[in-house]
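Visitor: Could you walk me through this model, and tell me what stands behind each label you use?
Guide: Gladly; let us look at it together.

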Amino acid sequence: MTEPDTEHVVEVRGLRKSFGTNVVFDGLDLDVRRGEFMTLIGGSGSGKSLLLKSMLGLSPVDAGSILFEGEELLGDTDEGFRRARENVGMLFQASALFDSLDVYENIAYALRQRGESDKAMIDATVSDSLRLIGLPGIERMWPADLSGGMKKRVALARAVAVRPKVIFYDEPTEGLDPINVTRVNRLLLGLSRTLDATTVVVTHNMESAFSISDRVAMLFEGRIIGSGTPAEMRAVTDRRVREFVDAVLD
Ligand SMILES: Nc1ncnc2c1ncn2[C@@H]1O[C@H](COP(=O)(O)OP(=O)(O)O)[C@@H](O)[C@H]1O
Ligand SMILES: [Mg+2]
């Protein structure tokens with residue numbers, strides 16, 4: 001398939017979503033540019049996870065527009081989302097490995113879900129994916145035998161096994177110690193370059209956000225209230241962005 005000639009991989013316009021009286025998206029706009037490494041920040045419960053899921057059609061929205069490579073996803077059918085999901089790798093928040101499957105089967109699962117059934121192809125891709133995350137040859141280990149950091153990295157291998165053009169990571173460093181946070185951040189950056197993928201990362205770790213991102217976007221009370229390069233975000237005068245960024249960067 002040829003790359004569509006669009007600067008933006010995802011364009012979200014006027015997104016609205018409420019749960020009863022809880023307004024989560026209140027006319028939210030967001031652009032994700034092709035090839036960029038974007039970090040999405042915002043307080044707990046601000047809707048970061050929901051936004052990633054909404055962009056994949058995994059959580060229905062009330063109104064608005066979501067374009068994926070120029071194609072409207074919020075149409076009458078699920079066809080657009082199906083195509084989007086084929087092109088996007090997703091690491092869900094607190095995503096766990098299946099404890100009853102070994103590392104090989106955990107990664108192979110993602111490939112089989114996408115319809116891959118050729119054993120030689122699956123073997124090679126699992127092996128490559130483990131090499132990409134710096135843990136070659138651990139196919140036959142079990143989740144119970146892995147440290148927290150290793151489990152996270154295998155979950156990353158599973159997310160990228162399908163070689164997605166776009167990758168969403170929801171809090172990939174949550175619960176890790178500082179050494180593993182640094183290691184996983186380097187991996188994310190390395191994966192985005194090796195796979196030439198557009199990346200959106202949700203994180204609470206402001207140091208990560210500001211050290212590895214091309215752009216940072218902040219979600220607050222249902223909208224993206226600021227976005228820009230780390231330098232631009234540091235210079236923002238909007239008090240709501242300032243308070244959030246200063247609190248965690250100082
Ligand atoms: N399935 C759901 N039913 C009701 N409320 C939900 C559901 N999913 C998320 N929410 C609400 O939407 C808001 C955003 O949640 P979430 O996207 O998980 O926040 P974040 O990831 O930024 O911490 C929260 O107020 C949460 O309670
Ligand atoms: Mg979340």
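Visitor: Which residues are exposed on the other side of α4?
Guide: Ala120, Ala124 and Arg131 are exposed there. Exposed describes a residue with 12 or fewer other C-beta atoms within 10 Å of its own, buried one with 20 or more, and partly exposed one in between, with C-beta atoms placed from the backbone. Please keep in mind that this is a predicted model, where local features need pLDDT of at least 70, side-chain atom pairs count only at pLDDT 80 or more, and totals for chains, interfaces and linings use all residues. Residues are numbered from 1 along each chain as its sequence is written, while chains are lettered from A and ligands numbered from 1 in the order in which they are written.

Visitor: Which residues of α4 are buried?
Guide: They are Ile122, Thr125, Val126, Ser129, Leu130 and Leu132.

Visitor: What puts these buried residues on the same side of α4?
Guide: They cover an arc of only 155 degrees around the axis, so they are on the same side of α4. The arc is that of the directions from the helix axis to the C-beta atoms. In general, an α-helix has 3.6 residues a turn, so residues three or four places apart point the same way. The buried residues of α4 pack against α3 (103-113), α5 (148-160) and α6 (178-194), a contact being two C-beta atoms, placed from the backbone, within 7 Å.

Visitor: How do you know that the span of α4 agrees with its 14 residues?
Guide: The expected span is 1.5 Å times one less than the number of residues. For α4 (residues 119-132) that should be 20 Å, and the end C-alpha atoms are 20 Å apart, so the two agree. Helices here are DSSP runs of H or I with at least four residues, and strands are runs of E with at least two, numbered from the N terminus.

Visitor: Why is threonine 229 called partly exposed?
Guide: Threonine 229 has 13 C-beta neighbours inside 10 Å, so it counts as partly exposed. Threonine 229 lies in the loop between β10 (223-228) and α8 (230-235), and touches Asp214 and Arg215, not counting residues up to four places away in sequence.

Visitor: Which element gives the most to the shell around ligand 1?
Guide: That is α1, with 3 residues. Both β2 (22-33) and α1 (48-55) supply at least two residues each.
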